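Biologist: Hey, got a minute to walk me through this one? I'd like to start with the inside and then jump around a bit.

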Amino acid sequence: MNTISIKSKLPNTGQTIFSVMSSLAVKHNAINLGQGFPDFPMNETLIDLVNTAMKNNHNQYVHMDGLISLRESISEKISFLYQKNINPETEITITPGATYAIYTALTSVLQQDDEVIVFEPAYDSYIPNIEINGAKAIKISLQYPDYKINWMEVKENISDATRMIIINSPNNPTGNILEANDLLQLQTIVSGTGILIMSDEVYEHIVFDGRQHASILKYPDLFNRSFISFSFGKVYNCTGWKIGYCIAPAYLMNEFRKVHQFNCFSCNSPVQFALAEFLKEKKIYLELGNILQQKRDFFYSLMKETKFKALPSQGSYFQLYNYSEVSELSEIDFAKLLTEKARVATIPLSSFYRASVDKNVLRFCFAKKESTLTEAVERLLRFNP
């Protein structure tokens, strides 16, 4: 008999909904519009650059902070996009994905019993990352159907224990974006305090309808207290590469690197050599928003033939749809039924909350080939609950 006992650091955490729904999708041969990854090819030039880097023997460790030429390319990009000078030596670290960057940032600064304000529905890693560090998530619900932040409620939830506020724009899962006024209100709230910001900006280039991405990098007072995470996987349609980066002022990045050096230490070398070169092609990332907007609009035009009702998507890979006219089942039960019977996998929005919240809303990923989206909607049209 095993007498070993373990006190879980995440007692309320099980298998993620993404793993659950993706497994169901495989089991039922369903089209996976749940998990956020493209099914269309990535850029051949970038693939060739990686192959060239490997053939040129760039296969050993690079510097812990990341390949310096890649950090310099990122710094040039930040200057071009946001008119912000970032020191590639002290303010940028390459990471194995943006989720890793978020975890490392939180781990580098959170102490036992600190409080972190999180907006729900929230990307599923935030709260476990907070809790594993002994801190407490203070959850503020974004109100259906526009999912905007009530900054007065944020102000009311600030306490002496508040250490950080996490923001995410464009937002996963809602597709909404923060605007300049939001960041100005955030700036007012944290001014004169020791509160830090974690800004998740992985979809920075996927903004629709002529809107502009409101980055923390545009606001010096906010940047000076912020970690900002980015994803190459989202920019170049290579989510499986798991490579991103974190930007922060030097005093915060110094703490970030203390944790990073004993966890990852060094990221994929040939990919970094390739990205350092490819990042100079501005046109690639500047066109991304228009490409994904066309996919959003194409999917929306198809979905108008169904009884699913679209909620606005201003950015990201995702659009929320209400299914109240289709079924009265809970979100999780209906998502499973769709996967099994219609053979279309989605993500129930309730899985992005800790408390029980059910508005009959599912998250669909439209970052797919038109043929994939067409077949998915045809299956939904044939579906009879």
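Modeller: Sure, let's go through the core, a helix pair, one valine and the cysteines, keeping in mind that this is a predicted model.

Biologist: Which residues touch the most other members in the largest nonpolar core?

Modeller: That core has 98 residues, and the ones touching the most other members are Ile 74, Phe 119, Ile 165, Tyr 236, Ile 247 and Phe 308.

Biologist: Take Ile 74, then. What is Ile 74 in contact with, leaving aside its neighbours within four places in sequence?

Modeller: Ile 74 contacts Ile 92, Ile 94, Phe 232, Tyr 245, Ile 247 and Leu 279. Apart from the largest core there is another core, this one of 24 residues, including Leu 110, Phe 227, Cys 246 and Leu 252.

Biologist: Changing topic: at what angle do helix H4 and helix H10 pack?

Modeller: About 105°, with the axes 8 Å apart; H4 covers residues 98-109 and H10 covers residues 250-260. That angle falls between 65 and 115 degrees, so H4 and H10 are roughly perpendicular to each other.

Biologist: And which residues make the contact?

Modeller: From H4 you have Tyr 100, Ala 101, Thr 104, Ala 105, Thr 107, Ser 108 and Val 109. H10 brings Leu 252, Glu 255, Phe 256, Val 259 and His 260. By class, the contact of H4 with H10 has seven nonpolar, four polar and one charged residues.

Biologist: OK, Val 154 next. Where is Val 154, and is Val 154 buried or exposed?

Modeller: Val 154 sits in helix H6, residues 151-156. Its relative accessible area is 0%, and buried means under 20%, so Val 154 is buried.

Biologist: What does Val 154 touch, not counting residues up to four places away in sequence?

Modeller: Val 154 touches Ile 117, Phe 119, Ile 140, Ile 149, Ile 165 and Ile 189. There's also a C-alpha separation of 9.6 Å between Val 154 and Val 118, which are 36 residues apart along the chain.

Biologist: Last thing, since I'm planning buffers. How many disulfides are there?

Modeller: The count comes to zero, taking a disulfide as a pair of cysteine sulfur atoms within 2.5 Å. For Cys 267, the nearest cysteine sulfur is that of Cys 264, 3.8 Å away, and Cys 267 is in no disulfide. Cys 267 is buried, at 9% relative accessible area.

Biologist: And what about Cys 365?

Modeller: Cys 365 is in no disulfide either, with the nearest cysteine sulfur, from Cys 238, 15 Å away. Cys 365 counts as buried too, at 0% relative accessibility.

Conventions: Residues numbered from 1 in each chain as written. Predicted model: local features only at pLDDT ≥ 70, side-chain atom pairs only at ≥ 80, totals over all residues. Heavy atoms only, no water. Core = buried A, V, L, I, M, F, W, Y, C linked by side-chain atoms within 4.5 Å. Buried < 20%, exposed > 50% of the residue type's maximum accessible area, 1.4 Å probe, protein only. Contact = heavy atoms within 4.5 Å. Axes fitted to C-alpha atoms, helices over the stretch in contact; angles between N-to-C directions. Helix = DSSP H or I, 4+ residues; strand = E, 2+ residues; numbered from the N terminus. Parallel < 35°, antiparallel > 145°, perpendicular 65-115°, else oblique. Nonpolar A, V, L, I, M, F, W, Y, C, P; charged D, E, K, R; others polar.
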